[in-house]
Protein chains: 2
Amino acid sequence: MRGLDERSTVEEIEKHLRKVDYIIRRKGREILSDFNITIPQFTALQILINKGNMTIGELSKSMALACSTITDLIDRMEKAGLVVRKKDEKDKRVVRIEVLSKGYEILEKVLNKRIEFLSSKLVDFTYEEKVRLSLGLKALYDAMKDEIQ
Amino acid sequence: MRGLDERSTVEEIEKHLRKVDYIIRRKGREILSDFNITIPQFTALQILINKGNMTIGELSKSMALACSTITDLIDRMEKAGLVVRKKDEKDKRVVRIEVLSKGYEILEKVLNKRIEFLSSKLVDFTYEEKVRLSLGLKALYDAMKDEIQ
C-alpha cells in the first residue's frame, strides 16, 4: 500500500512541476520578448554569469547543445551587445565569452519580473506555506543538482 | 523585517523552481529524443489529450505560438503518425486535430520515464517530505492555473 502511495505522490510531484513549469515558461517567454531575448539566450546568460567566462565548447557541454548551435547563439548575443568574445589572458589561443553590463542588467530585470509574477500568485499563501514550499524545492534541487555538474 | 523575509522566500522559490526546471528539461530533452519527438510536439500532445481535439487556431492560442508555427508542428506530427487532421462531425468546415494511439503511447512512456527519473532523485526523501512537496506544488499550481484558462 505504501508502495502505491509513494508512486502516486511522485506522480503528483511530476505532474504539478510540469504544469507549473509550463505556466512559468509561457509567462517567462512573454517577459523575455519584452526584453527582446529568447529562452536559450536567457539560459546562456545565466550559465555564463554563474560559472564565469566559458569557451564555446564549455557552454555547449553545459547547455547540452551542439557547438554550431552555441556559435550561432553567441553570434546573435554579441550583435545584441549582451556578450563579447575575448581572448583568454593566460592562453591567447583560447577565446572566452564575457557577459557585458547590458547582459547583467537584462538578467536582473527578467529575474525581477519573474519574482513579481510569482509573488502575485503566492499572495494567498501564508508565510509558513511559502517557507515550506521553498525548503521543499531547495531539497529537490539539492537532490538533483549533480545532474549538471 | 517580515517584508524582507517574504521577498527573499519568493526569490528562493523562483530560483529553485528555475533550476529544477532547467535540470528536468535537460533530462526531458534526452528522454524525448529517445522517442524521436521534440519539446513543442510533447507539449502539443499533452494539450490535445487533456483538452480534447482542437483546431489549429485553438492550439495556437493555448500554446501562445503563431498559427503558422502550429501548422508546421502538426504537419510534422501527422507525418510521424502521432496525430491526424479530421473534419468536425457537426461542422464539416472545421478541421480538428485528433491524437492517434501512437501519440497516447509515447506520452505515457515519456511521462513514465520522467516519473522514474524524479523517483530516483527523491529516493532520500521521507514519505512525509514527498507529500509536503507534492501539496506545496499542487497549491502553487492551483494559484496560477487561471493563467492558462
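This report walks through a predicted model of two chains, A and B.

**How the two chains relate**

Let's start with the pair as a whole. A turn of 180 degrees with a shift of 0.0 Å along the axis lays chain A on chain B, and the RMSD is 0.0 Å. That is the relation of a two-fold axis.

Now look at where the chains touch. On one side, 42 residues of chain A take part, and they are in contact with 43 residues of chain B. Three helices of chain A each supply at least two residues of the touching side: α1 (2-34), α5 (101-121) and α6 (127-144). The largest share comes from α1(A), with 17 residues. What kinds of residues make up this side of chain A? They divide into 20 nonpolar, five polar and 17 charged. The interface residues of chain A are also interface residues in chain B, at 100%, so the copies meet through the same surface.

**The core shared by both chains**

In soluble globular proteins, nonpolar side chains tend to be buried together. In this model, the largest nonpolar core has 25 residues. Both chains contribute: α1, α5 and α6 of chain A give two or more residues each, and so do α1 (2-34), α5 (101-121) and α6 of chain B. Which residues have the most contacts inside this core? They are V20(A) and L137(B). Leaving aside its neighbours within four places in sequence, V20(A) is in contact with five residues of chain B, namely L17(B), L137(B), L140(B), Y141(B) and M144(B).

**Two helices, side by side**

Here are two helices to find in the structure, with their spans.

| Helix | Residues in helix | Distance between end C-alpha atoms | Expected span at 1.5 Å a residue |
|---|---|---|---|
| α5(A) | 21 residues | 31 Å | 30 Å |
| α2(B) | 13 residues | 18 Å | 18 Å |

Take α5(A) to begin with. Its buried residues are G103(A), I106(A), R114(A), F117(A), L118(A) and K121(A). Seen down the axis of α5(A), these buried residues fall within an arc of 105 degrees, so they line one face of the helix. On the other side of α5(A), you will find S101(A), E105(A), E108(A) and S120(A) exposed.

Next comes α2(B), where Q41(B), F42(B), A44(B), L45(B) and L48(B) are buried. They cover an arc of only 160 degrees around the axis, which puts them on the same side of α2(B). On the other side of α2(B), N50(B) and K51(B) are exposed. Just after this helix, G52(B) takes a positive phi of about 85 degrees.

**Two lysines to compare**

Is K130(B) buried or exposed? It has 21 C-beta neighbours inside 10 Å, and 20 or more make a residue buried, so K130(B) counts as buried. You can find K130(B) in helix α6 (residues 127-144) of chain B. Apart from its neighbours within four places in sequence, K130(B) is in contact with T9(A), V10(A) and I13(A) of chain A, and with L122(B) and F125(B) of chain B. The C-alpha atoms of K130(B) and F35(B) are separated by 29 Å, and these residues are 95 residues apart along the chain.

K51(B), in helix α2 of chain B, has 11 other C-beta atoms within 10 Å; a residue with 12 or fewer is exposed, so K51(B) is exposed. Its C-alpha atom and that of A66(B), 15 residues apart along the chain, are separated by 19 Å.

Methods
Residues are numbered from 1 along each chain as its sequence is written. Chains are lettered from A and ligands numbered from 1 in the order in which they are written. This is a predicted model: local features need pLDDT of at least 70, side-chain atom pairs count only at pLDDT 80 or more; totals for chains, interfaces and linings use all residues. Two residues are in contact if their C-beta atoms, placed from the backbone, lie within 7 Å. Helices (H or I, at least four residues) and strands (E, at least two) are DSSP runs, numbered from the N terminus. Ala, Val, Leu, Ile, Met, Phe, Trp, Tyr, Cys and Pro count as nonpolar, Asp, Glu, Lys and Arg as charged, and the others, Gly among them, as polar. The expected span of a helix is 1.5 Å times one less than its number of residues. The arc is that of the directions from the helix axis to the C-beta atoms. Copies are superposed by least squares on the C-alpha atoms of residues with pLDDT of at least 70 in both. A nonpolar core is a set of buried Ala, Val, Leu, Ile, Met, Phe, Trp, Tyr and Cys residues joined through C-beta atoms within 7 Å.
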